[in-house]
Amino acid sequence: MSTREPARSLPQLAVACPTCGSPAGELCTSHGGTRTRRIDTHQARLAAWGEAGKIRPIEDEFFQPGRTYAHGQTSQFRVEHVTRHPDHGHLRAIGWMKTGEPGAKWHGGFRDEGEFKGWIEIADGGDAVQGEAAQPAEVTIYRASHDSIVMGLYTTRDAAQTHCEAKVRQEEPEGSIQHLSWWADDTGDQAEYELHITPADPGALIHGTGYVVKPLTVAAAYDPDGDE
Ligand SMILES: [Zn+2]
């Protein structure tokens, strides 16, 4: 990747630009072709790229909100949000990171599209928390629901989200979804995420689906002192 022409790494270069007529693989131009746009492309080109179906679903190739990933033994990444750069269109996963050192603290961090390689999803909290409590007093389950109708209860957020995503893909017209993403008003382990659709139609807005995954804490044993 050339640092002097960062636009060369933009995915929308795969299609021709409807605004300036620049062919696939070439940078956009301004001022009647006299100036090359080295930093970005015309907005319409990104939209055209999306329309051409070049944007694959995020879940196939990028971090997902509400999941935790490990890169070998060296680092962990708990993803809270996934967003796209407003001008350049590349994906960015934002969340919390820590090193593999014992007692390492979480700090804010992010990873961009192209930096997903080598990360694998791990259970929430990772291996580090296992063994601390052989018999937890509480366990967390994940409820997939739509308009307050419960669809299912799952032991992982991943499974609950997969259920919702499958339903939405069944319900929406084929080819109408550019990608699906999960958004929460809150952050943290107890955040409730709603599935959102980014429509393939570049003129349409990202919108919620009413499909929600909510973590629920359930007791592993009856506690007579807690009974009111
Ligand atoms: Zn252009």
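These exercises walk through the strands, helices and cores of one predicted model.

Residues are numbered from 1 along each chain as its sequence is written. In this predicted model, local features need pLDDT of at least 70 and side-chain atom pairs count only at pLDDT 80 or more, while totals for chains, interfaces and linings use all residues.

**Exercise 1. Take stock of the chain.**
Count the helices and strands, then find the share of buried residues.

Solution.
- Step 1. Helices (H or I, at least four residues) and strands (E, at least two) are DSSP runs, numbered from the N terminus. The protein chain holds three helices and twelve strands.
- Step 2. A residue is buried if 20 or more other C-beta atoms lie within 10 Å of its own, exposed if 12 or fewer, and partly exposed in between, with C-beta atoms placed from the backbone. Of the 228 residues in the protein chain, 22% are buried.
- Step 3. Two residues are in contact if their C-beta atoms, placed from the backbone, lie within 7 Å. Take the contacts between residues at least 6 apart in sequence: 47% of them join residues at least 24 apart.

**Exercise 2. Trace the sheet that contains β4 and β5.**
Give its strand order, its edges and its pairings.

Solution.
- Step 1. Two strands pair if DSSP finds at least two bridges between them. The order is β6-β5-β4-β3-β7, an open sheet of five strands with antiparallel pairing.
- Step 2. The edges are β6 and β7 (120-122); each has a single partner strand, so one side of each lacks a neighbour in the sheet.
- Step 3. Axes are lines fitted to C-alpha atoms, for helices over the stretch in contact, and angles run from 0 to 180 degrees between N-to-C directions. On average, neighbouring strands of this sheet are turned by 45° against each other, direction ignored.
- Step 4. β4 (residues 75-84) pairs with β5 (residues 91-99) over nine antiparallel bridges. Phe77 faces Met97 in β5.
- Step 5. Six residues separate β4 and β5 in a hairpin, and Gly89 in the turn has a positive phi of about 85°.
- Step 6. On to β6 (residues 107-112): six antiparallel bridges join it to β5. Gly95 stands opposite Gly109 in β6.

**Exercise 3. Place helix α3 on its sheet.**
Which strands does α3 touch, and which of its residues are buried?

Solution.
- Step 1. Start with the sheet. Its five strands run β9-β8-β12-β11-β10, open and antiparallel. β9 (149-154) and β10 (177-184) are the edge strands, each pairing on one side only. Neighbouring strands are turned by 25° on average, direction ignored.
- Step 2. Inside the sheet, β8 (residues 138-146) and β12 (residues 207-219) share nine antiparallel bridges. Glu138 lies opposite Ala219 in β12.
- Step 3. Helix α3 (residues 157-171) packs on this sheet and touches β8, β9, β10, β11 (193-199) and β12. Its direction makes about 155° with that of β12.
- Step 4. Check the length. The expected span is 1.5 Å times one less than the number of residues. For the 15 residues of α3 that gives 21 Å, and the end C-alpha atoms are 21 Å apart, which agrees.
- Step 5. Arg157, Ala160, Gln161 and Cys164 are the buried residues of α3. They lie on the same side of α3, because their arc around the axis (taken from the directions from the helix axis to the C-beta atoms) is only 95°.
- Step 6. Turn to the other face. It carries the exposed residues Ala166 and Gln170.

**Exercise 4. List the largest nonpolar core.**
Which elements each supply at least two of its residues?

Solution.
- Step 1. A nonpolar core is a set of buried Ala, Val, Leu, Ile, Met, Phe, Trp, Tyr and Cys residues joined through C-beta atoms within 7 Å.
- Step 2. The largest has twelve residues, including Tyr142, Cys164, Trp182, Ile197 and Val213.
- Step 3. The elements are β8, α3, β10, β11 and β12.
- Step 4. Another core, of nine residues, lies apart from this one; Phe63, Tyr69, Val82 and Trp119 are among them.

**Exercise 5. Explain the burial of Arg45.**
How many other C-beta atoms surround Arg45 within 10 Å?

Solution.
- Step 1. Arg45 lies in helix α1. In α1 (residues 43-51), the buried residues are Arg45, Leu46, Ala48, Trp49 and Gly50. They pack against β10.
- Step 2. Arg45 counts as buried because 25 other C-beta atoms lie within 10 Å.
- Step 3. Leave aside neighbours within four places in sequence. Arg45 is then in contact with Gln12, Val15, Cys17, Pro18, Thr19 and Cys28.
- Step 4. Ala16 is 29 residues from Arg45 in sequence, yet their C-alpha atoms are 7.1 Å apart.
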